[in-house]
Structure formats: structure tokens, C-alpha cells
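This report walks through a single protein chain, from strand pairing to unusual backbone geometry. Please keep the structure open alongside the text.

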Amino acid sequence: MNKKAVMYGGGNIGRGFIAQLFNLSGYEVVFIDVVDALVEKVNTDKEYPIYITNGDSYDKYTVTNVRAVNGKDENAVAEEIATADVMATAVGVNILKFIAKPLAAGVERRASINGKPLNIIICENKIDADKYLRSLVNEHLSDAGKKYFEESVGLVEASIGRMVPATPDNIKAENFLAVCVEPYCTLPVDKNGFKGEIPEIKNMEPFAPFEFFIQRKLFMHNMSHAVTAYLGNLCGYEYIWEAIDDARIRYVALRALLESALAMHKEHGVAIEELLAHCYDLLERFTNKLLGDTIARVGRDTQRKLNKEDRIVGALNLCKKMSVEPKYLYVAVAAGLHFAPDGDDSSIEIANYTKENGVKAALAKYCDITDEADVACIESYYENLKGGIDCIK
């Protein structure tokens, strides 16, 4: 019997990670996307390449047995969801509200034709993404649809750790569907989010309670990646691998990681040895030159990344909760306030606001940081960083 996986979102994570796992697990993969050229290309080729970084060369893997449906065709989308064996989203947190209505149509259609359970793996960078998506979809459901959605549709949070940067121009020129990825290919998911039988998907690791993995991705991986970008920007680097190769930046990124790791150890009771190993593994993964990860890409949109619930300030707040001094997370916030690359309107706005109104006002407005001691530390680092990162000890 043929198995079908619906992949809502044909971007880098959808193509370069989740669809590959579905393919390796024997599923036909049906992409839903609103980019006409992508839909047409997928349906013409029925396959696309993934380039896995391997030292100074690539290992090529071809994802086969794929097709696509245009997300603007709500009836077609509903039909695919209604007949899927498993589903995933990787559209970006800000886009979830736009897919809620067609997703709801698929849920209604499924309830009417078979009523079988459906599990949707949510591959978005947001804590409680399952609750958020459920609230969005419920707005478009009938009473019967809401009942089926609650009882039979599992919304399963995932922790996306695989790095999938922009594809180099020379590879994109050969096939714009191509994606470059790192070798890391594990998908932790919330075991408690499933309804009915858990589908067998290669490299998927169901785990409960899942909050630990959500926080580990956000407060360790994403946090240290952003710290590396913000300090790398102050040093004039272009790529993450250049920045992490600078011993001064690596030191700060590691110390920020250790702060977060200790807080998570206290919060979740996870062995500190496991968290320390993850710290060093992350920093080593950042050295991967073939990922071509740029400072501008990793650091962009500081309005989101310096939000109180996001990677840096979220980790800082967890440290304070668990009585861990967040010294190097203060440095990270200060460095983020300096970040303003061309074309990054979100970051430029915060940087300019900080210059015009002061660090205290910016922290209150964008980070919800008002504690006088926190503000004083960040203000001090912000001023010192104007002269470069050598001030950090």
C-alpha cells in the first residue's frame, strides 16, 4: 500500500530535511506551496537533489517520488490533507495564520470521508507551536470539525536542529530546487502530541516531556548561532565559520552556552554532561565552511530574535529563574543591539532606536527587560562594544 506524506511548505527545511526523512521512510511526498515555479518544477522533475556537506566536498542525495499542489487551490489542498497518512508544516511562524484556513478545509474534508487520525508534525521555531496552530485552525472549523480536530488530529511539536542555509549560486543554477544541508539529520518530536499510532519515520525520535528539546534548540542552538553572528558582525566577518574560528567569539559563544546549559540542567534535571557535549558539538558544527552560512542571514530580524521569549532573552530569563548569572547573555543582547546590516529593516529599526533613545528604552520596548541591574550590565557592554570585542573577558 502506498503511503502519502503531505509537506506544507516547499522551502529549505521542507525540501532539505523533512521531505528527505519521509522519502527515506517510503512515503510519496506531496508538497503544498504557493510559489508557482516551484510547484511546476517539482511536478515536472518528480525529484530534486540534496547536497550533504562532507568536509570539503558534497554527498549528493536525490529525493524521489515527489509531486506538488499549489497552495492557492484550496480544494486541491483539502483533498491532499484528507487522504494523507502523515503531514508536516515548515512555512515559518509568521505564515501559519495564512495556511490555517486551507488546513481547516482539509480537516473538514477528512472528517467527512474517513475520520481517520492524522498527525501533523509542526516544524516551526516557536514554543507551543501546537497550541498556536490549533487556535488558528479552530477559527475556521464547524462544531463537528472542531470535535474531530481535537480528538483525532495530533499536532506534534518538533525541534529542527539541522542547519539548511542558502544554496550556493552555482548549485542553484543547475537546479533551483537543490538544497545544501549539514550531515546532522535527527528529528526530535513530542511523543505526547500524537493521536493514534505513531508513524514510522527514519531519524524521528519521539520524546516526552518535550519542552526540554524545544528549549534546547532555542536557548542553545539558536542562541549561540545568533551570538556568533552578532559578534562576528562587530568584527567585520561575512560568514559564521569565520566568526567561530575567532577565539574571542568562540569563547563568548561557549560561555553563553554554558550559562544556558546550567540553567536547563537545573530546570529539567537533564544530565549536565549531556548538555555540555551538546555545547561543544554545536560550536564544531558552526565551523562547517560548506554551509556558507552568512552573518547577515543568521542574525537578521533582531525584533524577533531579541524578543523576551526568543533565543537570547529567553535564555537570559531562564538563567535568572534558575539563579544562574547570565553575564555572557548580557553581552549577546548588547551585541544584538548593534546589529544593522543593509536590507535588514527589523534590525536597523532597533539599532537606530537604541542610538536615538538609549539602551534602557530599547530594552524595555523590544526585549521587555526593565530590571535595573540587567539594564546596567547590558548598557555597559553596549558602550564597550563600540570599541570592539576585546573588552569582553
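Met87 stands opposite Ile120 in strand β7. This is a predicted model. Three bridges join β6 to β7, residues 118-122, and the two strands run parallel. Strand β1, residues 3-8, is joined to β6 by four bridges, and this pair is parallel as well. Here Met87 is the bridge partner of Val6.

Which way do the side chains of β6 point? Val86 and Ala88 point one way, Met87 and Thr89 the other. In a regular strand, side chains alternate between the two faces of the sheet. All four of these β6 residues, 86-89, are buried. β6 also belongs to a right-handed β-α-β unit, with helix α4 (residues 96-113) and β7 as its other parts.

**Cores**

The largest nonpolar core holds 68 residues. Met220, Met223, Leu231, Ile312, Leu337, Leu363 and Ile378 touch the most other members. Which element gives the most to this core? Helix α8, residues 211-234, does, with twelve residues. A second, separate core has 37 residues, among them Phe17, Ile50, Leu187 and Phe194.

Leu363 shows how one of the best-connected members of the largest core is placed. Beyond residues up to four places away in sequence, Leu363 touches Val333, Leu337, Asp368, Ile369, Val375 and Ile378. Among these contacts, Leu337 and Ile378 are also listed with the members that touch the most others.

**The largest pocket**

The largest pocket contains about 1,300 Å³ of space. Its lining counts 40 residues. Gly92, Asn125, Arg304, Lys305 and Arg311 are the closest to its centre. Elements that give two or more residues to the lining are α1 (12-24), α8, α12 (295-299) and α13 (302-305). The most comes from α8, with six residues. Helix α8 therefore gives the most to the lining of this pocket and the most to the largest core, where helices are DSSP runs.

**Backbone exceptions**

Most residues other than glycine have a negative phi, and most peptide bonds are trans. Three sites in this model depart from that pattern and are described below.

A cis peptide bond joins Ala208 and Pro209, with omega at about -5 degrees. Pro209 is found in the loop between β11 (204-207) and α8.

Asn65 and Asp301 have a positive phi, although neither is a glycine. The table sets out both.

| Residue | Phi | Loop | Relative accessibility |
|---|---|---|---|
| Asn65 | about 60 degrees | between β4 (57-64) and β5 (66-70) | 43% |
| Asp301 | about 65 degrees | between α12 and α13 | 22% |

Why does Asn65 count as partly exposed? Its relative accessibility is 43%, and partly exposed means between 20% and 50%. Asp301 is also partly exposed, because its 22% falls in that range.

**A buried loop histidine**

His338 lies in the loop between α15 (327-337) and α16 (345-357). Is this residue buried or exposed? His338 is buried, because its relative accessible area is 19% and the cut-off is under 20%. Leaving aside neighbours within four places in sequence, His338 is in contact with Asn233, Leu234, Tyr382, Leu385 and Lys386.

How values were computed: Residues numbered from 1 in each chain as written. Predicted model: local features only at pLDDT ≥ 70, side-chain atom pairs only at ≥ 80, totals over all residues. Heavy atoms only, no water. Core = buried A, V, L, I, M, F, W, Y, C linked by side-chain atoms within 4.5 Å. Buried < 20%, exposed > 50% of the residue type's maximum accessible area, 1.4 Å probe, protein only. Contact = heavy atoms within 4.5 Å. Pairing = 2+ DSSP bridges. Right-handed = clockwise from strand over helix to strand, strands pointing away. 1 Å grid on protein atoms, 1.4 Å probe; cavity = no way out; pocket = protein on both sides within 12 Å on 5 of 7 lines; lining within 4 Å. Points joined across faces, edges and corners; volume = space filled by probe spheres on them.
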